[in-house]
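Me: I've got a structure here and I'd like to go through the labels people put on it. Could you tell me what backs each one up?

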Amino acid sequence: MAKQETTAGHPHSIHREHSERWWSLLLLLVSSAVCCSSCSSTRSIPEGAYLLDKVKITTEHQPNDISASDLKPYLRQRPNSKILGMKLGLWLYNWARPEPRTAFGRWLHRIGDAPVIHDDLYTQQSKENLRNYLANCGFYQATVRDTTLIKGSKRKEVRYIVDFGTPTLIDSVHYTVLDSAAAKYIHAAKDAQLVKPGARLDMRLLDAERKRIEALLKEQGFYHFTWMHVGFLADTLDSPHAARLELKVPYAPLNQFAPNLFYRYKVKNLKVYPDYSTSEYQQLPPDSIRTKEYQGLTLAYHDKQIGR
């Protein structure tokens, strides 16, 4: 009689059946959550208020080095975050009563996201933040408009229309350095300067140039000097889109700063310990260390003859 093989009770088959059940249950829960979230997302919204359902930014005359994602941090209000396309945190929060009476309800409020209620004051502040950011990027004539749309019951969408406009470019650059020693090093490194005619009048670029000058002067021993001492004066009287730029080092008369601002440190003495050992030198009395002048250096040693 021939044997018949069966896999009905095989461990792999049982495991596969359990996996399929779990996936079916998970899909059912997600589907239920999506359906419930669309119904309950405005459950805790007070009368006369609106849930901020969506925020959208559209741009005009946008430059290549600034993206829409660069603008989002300057928005004062953003909708509840989404996971797998749904506002899971908001759904969990709304699963409980507006004022939970049980520990489970309070736990849902802790792990969930409270609904973001649209506030027009935040919209106006967002527009101001965006205008300031664009001005710092060299777009002084930029405009920001907003449109608010009511979507269904108790939901609003805010749209920001950002027009970058024409940027202000650097027409010419002039360096005014009040200290003659510092001026020598700054003018000698002119080819490395970051601020040049034709570049956009961008505060990020100007700050990078200020920090370059700080690093340059500190390499030459001006250790009291920092990038905060560098100032810029932009003249746009002739044209709002062309700036005559003056870099001032420092940004004010010298008598307004400490006398040692441009003090330049130099190496006076150089002592070399050719056989230095931390553990060994800490155990030696100071009078056991000998010194010897050798080719302009002071060599410090003990129990050895150096430079014979």
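Reply: Sure, let's take the labels one by one, starting with how far to trust the model.

Me: What kind of model is this, and what is the mean pLDDT of the chain?

Reply: It's a predicted model. The mean pLDDT of the chain is 84, and 81% of its residues reach 70 or more. Watch two stretches, though. Over residues 1-8 pLDDT stays under 50, and the model has two contacts there beyond four places in sequence. Residues 304-308 also stay under 50, with seven such contacts.

Me: What does the chain as a whole look like, in helices and strands?

Reply: There are eight helices and nine strands. Of the 308 residues, 33% are buried. The accessible surface comes to about 20200 Å², and carbon and sulfur atoms account for 54% of that. Looking at contacts between residues at least 6 apart in sequence, 62% join residues at least 24 apart.

Me: Why is Arg212 called buried?

Reply: Buried means under 20% relative accessible area. Arg212 has 16%, so the label fits. Arg212 sits in helix α7 (residues 203-219). Leaving out neighbours within four places in sequence, Arg212 is in contact with Tyr175, Ala189, Ala192, Gln193 and Leu194.

Me: And why does Thr166 count as partly exposed?

Reply: Partly exposed covers the range between under 20% (buried) and over 50% (exposed). Thr166 has 44% relative accessibility, so it lands in that range. You'll find Thr166 in the loop between β3 (155-163) and β4 (169-177). Setting aside residues up to four places away in sequence, Thr166 touches Phe139 and His241. Its C-alpha atom is separated by 8.0 Å from that of His61, and those two residues are 105 apart along the chain.

Me: What makes helix α3 largely enclosed?

Reply: The count does it: six of the eight residues of α3 (residues 88-95) are buried, so the helix is largely enclosed by the rest of the structure. The buried ones are Gly89, Leu90, Trp91, Leu92, Tyr93 and Asn94.

Me: Why is β3 described as largely enclosed too?

Reply: Because eight of its nine residues are buried. β3 also has strand partners. Strand β1 (residues 51-60) pairs with β3 in the parallel sense over nine bridges, and Leu51 has Arg155 as its bridge partner in β3. Strand β2 (residues 143-150) pairs with β3 in the antiparallel sense over eight bridges, with Thr148 standing opposite Val158.

Me: How do you know that β1 and β3 really count as a pair?

Reply: Two strands pair if there are at least two bridges between them. β1 and β3 have nine, so they qualify. As for β2 and β3, they form a hairpin with four residues between them, and Gly152 in the turn has a positive phi of about 65°.

Me: Why are β7 and β8 called edge strands?

Reply: Start with the sheet: it's open, has three strands in the order β7-β9-β8, and its pairing is mixed. β7 (271-272) and β8 (290-294) each pair on one side only, and that's what the edge label rests on.

Me: What makes the pairing in that sheet mixed?

Reply: Take the two pairings in turn. β7 and strand β9 (residues 297-301) are parallel, over two bridges. Lys271 has Thr298 as its partner in β9, while Val272 stands opposite Leu299. β8 and β9 are antiparallel, over five bridges, and Thr291 is partnered with Ala300. The hairpin of β8 and β9 has two residues between the strands, and Gln295 takes a positive phi near 50° there.

Me: Why is β9 called mostly covered?

Reply: Four of the five residues of β9 are buried.

Me: Last one: which residues form the nonpolar patch on the surface, and what makes Trp107 eligible for it?

Reply: The patch is Trp95, Phe104, Trp107 and Ile111, with about 440 Å² of accessible area together. A patch residue needs over 30% relative accessible area and no salt bridge. Trp107 is partly exposed at 38%, so it clears the area cut-off. Trp107 lies in helix α4, and α4 (residues 103-111) gives the most to the patch, with three residues.

Conventions. Residues numbered from 1 in each chain as written. Predicted model: local features only at pLDDT ≥ 70, side-chain atom pairs only at ≥ 80, totals over all residues. Heavy atoms only, no water. Patch = residues over 30% accessible without salt bridge, like charges linked within 9 Å, V, L, I, M, F, W, Y side chains within 5 Å. Areas by Shrake-Rupley, 256 points an atom, 1.4 Å probe, with all protein chains shown as cover. Salt bridge = Lys/Arg side-chain N within 4 Å of Asp/Glu carboxyl O. Buried < 20%, exposed > 50% of the residue type's maximum accessible area, 1.4 Å probe, protein only. pLDDT = per-residue confidence, 0-100. Contact = heavy atoms within 4.5 Å.
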